[in-house]
Amino acid sequence: MKCLYVLFDADCELCVRCRNWLAQQQAFVPLVFIAFQSDEAQRRFPGIDALKPGEQLLVISDEGAVYRGAHAWIMCLWALENYREHARRLAHPALLPLAKAVCELLSRNRFFLSDVVDAYQMFTRLSAGRTIAEPSGTLNAF
Amino acid sequence: MTPIVWTYIIYIALSIPLTIWVAHTLHKNGRIFLIDSFRGNERLADSVNHLLVVGFYLINIGYVALALKECIAPTDVREVLETISRKIGVVMLVLGAMHFFNILVFSKMRRRALLLAVPPPIPPQAHVSVATQ
């Protein structure tokens with residue numbers, strides 16, 4: 001296996017954050033990120049829509065092997081140097097149903113979770129702005 | 001010769017062979033670890049092993065040389081023995097720490113090599129054709 005193509009949702013903040021995190025990790029197998037909405041996804045994988053990439057994360061190897069949802073996440077972890085052992089653990093029949101349930105729950109609620117992330121970001125930015133603004137306000141009062 | 005010179009001579013005579021013995025043990029037994037880490041590439045394993053041992057010698061002999069000087073000169077045999085014992089004790093602790101550090105490096109290399117060979121833990125769910133760019 002030379003590389004793994006990760007088809008993520010570019011409209012989902014949570015997915016973009018996960019993509020950024022994955023891109024920062026050291027990998028045994030290089031991960032190539034492609035937004036499933038992009039022309040490149042259609043060009044590289046003809047008939048990709050039949051696999052419903054909008055529902056769950058899709059990972060496709062350079063040989064054409066397809067992994068969806070929890071399986072896709074396990075493959076992403078398997079590709080990373082520091083998480084390969086975790087991938088083995090998660091793929092165990094005892095943990096796989098739990099991983100599947102968690103991934104389905106996250107995928108179904110990803111837009112809601114993205115809104116929460118956005119709101120939290122806005123809140124931290126606003127509170128940081130207030131902390132910076134406060135000293136100048138104090139100076140103006142004098 | 002004064003007692004301090006005897007202390008120095010005994011200290012050197014003990015700590016240098018001790019360093020050589022530890023380095024030899026590391027060189028002999030670390031080789032198997034390294035060959036496994038480099039997937040049977042004996043030449044590369046021997047090269048890395050040799051480089052590690054050179055580093056080990058430089059650090060330890062350097063430390064032994066730096067720690068030679070004793071500010072309070074011993075006056076009798078009892079003090080000579082106490083000083084040598086303290087100095088050799090510290091050298092042994094440094095050697096032990098370096099030895100465990102080397103073992104840690106060997107095992108990390110081996111672990112990484114073993115992980116690299118692990119096949120995907122799950123089978124694919126479907127197959128698609130991938131267009132080459």
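The points below go through the two chains of this predicted model and the contact between them.

1. Chain A, which has 142 residues, contains 6 helices and 4 strands. Along the sequence these elements follow the order β-α-β-α-β-β-α-α-α-α, so that a reader tracing the chain can place each helix and strand by its number.

2. As to packing within chain A, 29% of the 142 residues count as buried. When contacts between residues at least 6 apart in sequence are taken, 62% of those in chain A join residues at least 24 apart.

3. Chain B has 3 helices and 1 strand, and the pattern along its sequence is α-α-α-β, with the strand coming after the helices. Of its 133 residues, 17% are buried, while 79% of the contacts in chain B between residues at least 6 apart in sequence join residues at least 24 apart.

4. Within chain B, the pair formed by helix 1 (residues 3–37) and helix 2 (residues 42–66) deserves a separate point, as their axes come within 9 Å and cross at roughly 155 degrees. Because angles over 145 degrees count as roughly antiparallel, helix 1 of chain B is roughly antiparallel to helix 2 of chain B. The crossing of these two helices of chain B is right-handed.

5. On the side of helix 1 of chain B, the residues making this contact include Ser15(B), Ile16(B), Thr19(B), Ala23(B), Leu26(B) and Leu34(B), and on the side of helix 2 of chain B they include Ala45(B), Val48(B), Val53(B), Phe56(B), Tyr57(B) and Ile61(B). Taken by class, the residues of the contact between helix 1 and helix 2 of chain B divide into 12 nonpolar, 6 polar and 3 charged.

6. The contact between the chains takes 23 residues from chain A and 14 residues from chain B. On the side of chain A that touches chain B, the elements giving two or more residues are helix 2 (39–44), strand 4 (65–68), helix 3 (69–79) and helix 4 (84–90) of chain A. By class, this side of chain A has 13 nonpolar, 3 polar and 7 charged residues.

7. Strand pairing also links the two chains, since strand 4 of chain A and strand 1 (residues 126–127) of chain B pair in the antiparallel sense over 2 bridges. In this pairing Ala65(A) stands opposite His127(B), a residue in strand 1 of chain B. Strand 4 of chain A is thus named both in the pairing with chain B and among the elements that give two or more residues to the side of chain A touching chain B.

Key: Residues numbered from 1 in each chain as written. Chains lettered and ligands numbered in written order. Predicted model: local features only at pLDDT ≥ 70, side-chain atom pairs only at ≥ 80, totals over all residues. Buried ≥ 20, exposed ≤ 12 C-beta atoms within 10 Å, placed from the backbone. Contact = placed C-beta atoms within 7 Å. Axes fitted to C-alpha atoms, helices over the stretch in contact; angles between N-to-C directions. Parallel < 35°, antiparallel > 145°, perpendicular 65-115°, else oblique. Left-handed = near helix turned anticlockwise from the far one by under 90°. Nonpolar A, V, L, I, M, F, W, Y, C, P; charged D, E, K, R; others polar.
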